[in-house]
Amino acid sequence: MSRRYRKPDRLLGVDVRDAFLLAIEQSGREDIEVLVQDDARKPDLARSLASEFLQRDEVDIMTGIIWSNLAMAVVPSVVRQGTFYLSPNAGPSDLAGRMCHQNYFNVAYQNDNLHGAMGAWMREQGYQNPIILAPNYPAGTDALAGFKHLFEGEVAGELYTQLGQTDYAAEIAQIRASDADSLFFFLPGGMGISFMKQWAGSGVELPVFGAAFSFDEVLIKAVGEAAVGARNTSLWAHDLDNATNRAFVESFREAYGRTPTLYAAQGFDTANLILAALESAHPDDQDAFREALREADFDSVRGEFRFGPNHHPIQDVYVREVVMGEDGEPTNRLLGIAVEDIQDIYYPDCKM
């Protein structure tokens with residue numbers, strides 16, 4: 001196996017990359033070349049790199065994009081040119097519905113799913129007036145739309161921030177002034193760290209909820225004790241009790257010296273789906289390879305896994321709570337299932 005890449009400086013992409021490469025290495029196959037580049041979270045650069053992969057490297061499969069605005073900039077062109085794209089993270093609603101394509105598979109979720117599951121779970125727990133917050137880009141708008149769809153009630157307010165924002169004083173002031181009984185937010189990566197640290201110092205006392213993107217193992221350690229008590233939804237947990245997941249967590253810790261995050265779990269599953277499909281067909285035989293992907297005949301770290309008609313997962317979504325671990329560091333603890341067999345609402349618009 002050959003590897004050519006520049007080291008990305010984004011933790012989310014690093015975890016997807018590391019777990020993907022771990023799965024390829026564990027397969028023992030030497031006929032797979034993995035090419036990795038860092039898109040630096042810039043749509044123009046992502047488009048340029050995708051063009052290089054297609055034209056210069058003549059890749060069979062593309063994967064790896066984290067951010068939904070970059071996915072929208074890259075994926076439609078890639079799949080129209082006859083290359084398979086498997087998403088290990090971004091799941092914008094347009095690609096699940098009106099812009100779906102037979103060569104596009106999402107191995108993670110549709111963007112609404114984890115947020116919708118938390119909306120349903122909070123409703124069941126008796127919360128009646130949450131205030132909700134997300135960045136203003138495709139995954140952010142999908143997040144709040146998904147939350148509201150399954151919460152099925154009125155919200156105290158809906159706040160949108162800038163993508164990459166670091167100062168949340170104005171938003172926290174709005175939350176303080178509201179009559180909300182809880183806070184739900186979606187702020188992935190460093191945005192979540194900045195917000196939670198400022199939230200902890202604000203003195204606002206509302207229960208905090210979110211999706212795993214703001215509460216992965218790396219982020220909550222960066223936030224520290226302020227993250228303890230927050231509950232979040234995820235399609236996976238490091239303490240999910242199945243043999244595949246136990247082996248994955250152990251091998252990832254051994255290889256990289258850290259506990260994997262949701263992003264790592266998604267990268268690992270994406271690689272193993274590709275490996276399983278390659279056992280049946282080569283991407284040159286597009287119809288056969290596509291059918292092998294649809295079968296999803298691999299052992300997922302999240303447990304049961306299957307695709308819906310728009311090539312997006314139908315799967316359980318879990319609830320986790322941030323607790324203080326035995327090592328004195330925050331960690332996630334699995335509480336149970338929020339929603340069983342969740343499916344996105346956009347598949348009827350997919351005309352494959």
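**Figure 1. V228 in a loop of the predicted model.** V228 counts as partly exposed, because its relative accessibility is 36%. That value falls between the cut-offs of 20% for buried and 50% for exposed. This view, like the others, shows a predicted model. V228 sits in the loop between α9 (217-223) and β10 (231-234). Which residues does V228 contact, leaving aside its neighbours within four places in sequence? They are V322, V323 and M324. V208 makes a useful marker for distance. Along the chain, V228 and V208 are 20 residues apart. In space, their C-alpha atoms are 9.8 Å apart.

**Figure 2. R302, a buried residue in a loop.** R302 belongs to the loop between α12 (286-295) and β11 (306-307). Is R302 buried or exposed? R302 counts as buried, because its relative accessibility is 3%. Look next at where its side chain goes. The R302 side chain reaches the backbone oxygen of V107 at 2.7 Å. The R302 side chain also reaches the backbone oxygen of A108, at 3.4 Å. Beyond its neighbours within four places in sequence, R302 is in contact with several residues, including V107, A108, L235, W236 and L240. The list also includes N242, Q266, D269, P313, Q315 and Y318.

**Figure 3. A108, a partner of R302.** A108 lies in the loop between β5 (104-106) and α5 (113-124). A108 is buried, because its relative accessible area is 0%. Residues up to four places away in sequence are not counted here, and A108 then touches S87, P88, N89, L235, Q266, R302, P313 and Q315. Now compare A108 with M122. The two are 14 residues apart along the chain. Their C-alpha atoms are separated by 23 Å.

**Figure 4. N89 and its loop.** N89 is found in the loop between β4 (84-87) and α4 (93-96). N89 is buried, because its relative accessible area is 5%. Which backbone oxygen does the side chain of N89 reach? The answer is that of I66, at 2.8 Å. Leaving aside neighbours within four places in sequence, N89 is in contact with I65, I66, N106, A108, Y109, F213, Y263 and Q266. A108 from the previous figure is among these contacts.

**Figure 5. The cavity.** How many cavities of 30 Å³ or more does the structure hold? It holds 1. The largest cavity has a volume of about 120 Å³. Its lining is made of 15 residues. N89, Y109, Y137, A139 and F186 lie nearest its centre. N89 thus links this view to the one before. By class, the lining has 11 nonpolar residues and 4 polar ones. None of the lining residues is charged.

**Figure 6. The largest pocket.** The volume of the largest pocket is about 1000 Å³. The pocket is lined by 43 residues, and V34, L35, I61, M62 and T63 are the closest to its centre. Several helices and strands take part. α1 (11-27), β2, α2, β3 (61-63) and α11 each supply at least two residues of the lining. Which of these gives the most? α1 does, with 7 residues. The lining divides into 26 nonpolar, 5 polar and 12 charged residues.

**Figure 7. The largest nonpolar core.** In soluble globular proteins, nonpolar side chains tend to be buried together. In this model, the largest nonpolar core has 112 residues. M62, I175, F185, F195, W199 and F248 have the most contacts inside this core. Helix α11 (residues 262-278) gives the most to the core, with 11 residues. Take F195 as an example. Apart from its neighbours within four places in sequence, F195 is in contact with L133, Y168, I172, I175, L183, F185 and L187. I175 and F185 appear among those contacts.

**Figure 8. Two positive phi angles.** A40 is not a glycine, yet its phi is positive, at about 55 degrees. A40 is found in the loop between β2 (34-36) and α2 (43-55). E152 is another residue other than glycine with a positive phi, near 60 degrees. Where is E152 placed? E152 is in the loop between α6 (138-151) and β7 (157-161). E152 counts as exposed, because its relative accessibility is 58%.

Terms used: Residues are numbered from 1 along each chain as its sequence is written. This is a predicted model: local features need pLDDT of at least 70, side-chain atom pairs count only at pLDDT 80 or more; totals for chains, interfaces and linings use all residues. Side-chain values use heavy atoms; hydrogens and water are left out. On a 1 Å grid over the protein atoms alone, a cavity is a set of points where a 1.4 Å probe fits but cannot get out, and a pocket is an open set with protein on both sides within 12 Å along at least five of seven lines; lining residues have an atom within 4 Å of a point. Grid points are joined across faces, edges and corners, and a volume is the space filled by probe spheres set on the points. Ala, Val, Leu, Ile, Met, Phe, Trp, Tyr, Cys and Pro count as nonpolar, Asp, Glu, Lys and Arg as charged, and the others, Gly among them, as polar. Helices (H or I, at least four residues) and strands (E, at least two) are DSSP runs, numbered from the N terminus. Buried means under 20% relative accessible area, exposed over 50%, partly exposed in between (1.4 Å probe, protein chains only). A polar contact is a pair of N or O atoms within 3.5 Å; within protein, one must be able to donate a hydrogen and the other to accept it, and residues adjacent in sequence count only if both atoms are side-chain atoms. Contact means heavy atoms within 4.5 Å. A nonpolar core is a set of buried Ala, Val, Leu, Ile, Met, Phe, Trp, Tyr and Cys residues joined through side-chain atoms within 4.5 Å.
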